[in-house]
Amino acid sequence: FYSPRVCGGSSTEFFQNALRRCQPSDKHISLLKSVCLPGHVDDLFPFFLRHAKQIFPMLDCMDDLRKISDLRLPPNWYPEARAIQRKIIFHAGPTNSGKTYHAIQRFLSAKSGIYCGPLKLLAHEIFQKSNAANVPCDLVTGEERVYATEDARQASHIACTIEMCSTNTPYEVAVIDEIQMIRDPARGWAWTRALLGLCAEEIHVCGEGAAIDLVTELMYTTGEEVEVRNYKRLTPLTVLDYALESLDNLQPGDCIVCFSKNDIYSVSRQIEARGLECAVIYGSLPPGTKLEQAKKFNDPNDPCKILVATDAIGMGLNLCIKRIIFNSIVKPTVNEKGEKEIDSITTSQALQIAGRAGRFGSSFKQGEVTTMHRDDLLQLKEILSESVPPVKAAGLHPTPEQIEMFAYHLPDATLSNLIDIFVSLSQVDGLYFVCNIDDFKFLADMIQHIPLNLRSRYVFCTAPLNRKEPFVCTTLLKFARQFSRNEPLTFDWLCRHTKWPLAPPKNIKELVHLEAVHDVFDLYLWLSYRFMDMFPDAALVRDIQKKLDDIIQIGVCNITKLIRASQSGAASGAAEVMSEGFPFSRTKRDARTVSDHRDAKSAEPLSIALEEDLKSHRRGSLANRLLREGLLTQEMLRQLESEWQDQHRSGRYGLASKRNDQSSSKEMGKKKK
């Protein structure tokens, strides 16, 4: 078959020609037309071509497949929760309003309870607070389970990451934190599952007021009422009327927020070049390193008074910040189709980050927010003044049971194809959407050639890893291959694969690799929680992971030395100079699809990253940027101009000499011919 986008013709013509070639029965034709022709043909071209071998067997069981993929009544998936009458309390308010505090107080006073948070750091914080308050509490994340008691008996209280919550265990109180993440394109399904499925007498939901209407509508379908408690910010937050403009104007308690690791590297080096010490926090750092950097910044006796961070500080860390400074107000994002875009930060993101300034109970009684560049400030004020758009839909994801039922009817289909077919046939009502499954399909295709049963294959494909990290992806492939041979993945095998023990990093590339190794250890621990017999050495891996965390901390503390070492090895001296002052921060507000742009978790070498930064900064005046960043003075600029003119006149580095070189090389080529 040929796509009409290549050979021409309408969608319907292509579809009808395809049917004639296959010579299906009249029953098959009518079924295909009923599924595909009413407005969905364009979407189903790739589907039809990929699954031609499975289409006609599928048509014979179409009614069953439609029933399995019917996602219009998610509340019915949780009969235990529907069997009790739950009380829903929505704690709504901005960052630093005390909404989560009040929910946690009820959690601590209950006979039994579960806290569900978006991050390991948040779950760990509640775990520590509960046990410090003499309320025994276990910690459950994807990688580990820590018991409150030495005899490893399950405590009455649990703090967990939201994907790990149990919908079968009864509790008196449940707390669901950051409920607005129910709209997240990748993880929203976990909040939907917790909200609809937790068996608790009281469900305390914390988050933005923008989610109130959706939660109320969802609870209306379960016959449960929602009580809303509104909170106001406990300390004032002021948007300043002036931008920072130069790093020379930094003050103790300042936090510069960047949206890429390259910006982090660049800004932190410029700060330390001014004789100031700074802490560094970004998303791909291990949790222990983040906590240590936060502790260093918060310590009044530590000389480190400046923080450089990504939006990873938006939740999960308690920081004593006086002023938030946005180095940029544009951020790489992924849209509903899985395409990368660069657009201004949303009002929700801006409020979440800006709200970290002036935390209640810290040494700063009020918070301030501004931008690095003057022309960004007005736009930031506009963003912060806008109301947060309401959350309109909750995420859903196919369950293992649903995929197994599909596989029963379509035994020859691959897991990636089963997911495609499921999503194509799925039906959802206006309150829900199907989450992005690109990462799942990427892993499914990657391990398709490895012989695994469907349930094991599904588990491997749900592993939490960043597919932009080649080392982690190849490790998962090796894990799956050895798993398929029924050979346990031992501690010795893992040490050989990762070349453990590892030395402190000498440059940025080595630091990035250490972060990837830490992710590999996380992956091993995550799989050991699901396949204990095949990943038997979790305790040993956890020990070396802690040691690796310490090694990474050494690298982050010396990050400016690593940057210098990375740049000294660069081939282009010009790239060295420009990379210091030109973080990825000056992009237009209009959204643009950028297929090759790397997010904050990317693990590419600094030299490649710098080349991209250079491309993105060809607009504007180089001299003005260097002056604005404080890397060049007017006197230095005049001296450079004078030297350039002298060199140009002498023909040493001028454009004329380049042209002469090019023309002479062409003449030499002609003579050789």
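Q: Before we start, what counts as a helix or a strand here?
A: Both are DSSP runs, numbered from the N terminus: helices are H or I with at least four residues, strands are E with at least two.

Q: And what kind of model is this?
A: It is a predicted model, where local features need pLDDT of at least 70, side-chain atom pairs count only at pLDDT 80 or more, and totals for chains, interfaces and linings use all residues. Residues are numbered from 1 along each chain as its sequence is written, and side-chain values use heavy atoms, with hydrogens and water left out.

Q: Where does Glu-178 lie?
A: In the loop between strand 6 (170-176) and helix 10 (188-197). Its phi is near 55°, a positive value in a residue other than glycine.

Q: Is that residue buried or exposed?
A: Glu-178 counts as buried, at 11% relative accessibility. Buried means under 20% relative accessible area, exposed over 50%, and partly exposed in between (1.4 Å probe, protein chains only).

Q: What about Glu-245, what is its phi?
A: Near 70°, also positive. Glu-245 sits in the loop between strand 9 and strand 10. At 32% relative accessibility, Glu-245 is partly exposed.

Q: New topic. How many disulfides are there?
A: Zero in the whole structure. A disulfide here is a pair of cysteine sulfur atoms within 2.5 Å.

Q: Why does Cys-258 have no bond?
A: Because the closest cysteine sulfur, in Cys-255, is 8.5 Å from its own, too far for a bond. Cys-258 is also buried, at 0% relative accessible area.

Q: Which peptide bond is cis?
A: The one from Trp-500 to Pro-501, with omega near 5°. Pro-501 lies in the loop between helix 21 (491-498) and helix 22 (508-528).
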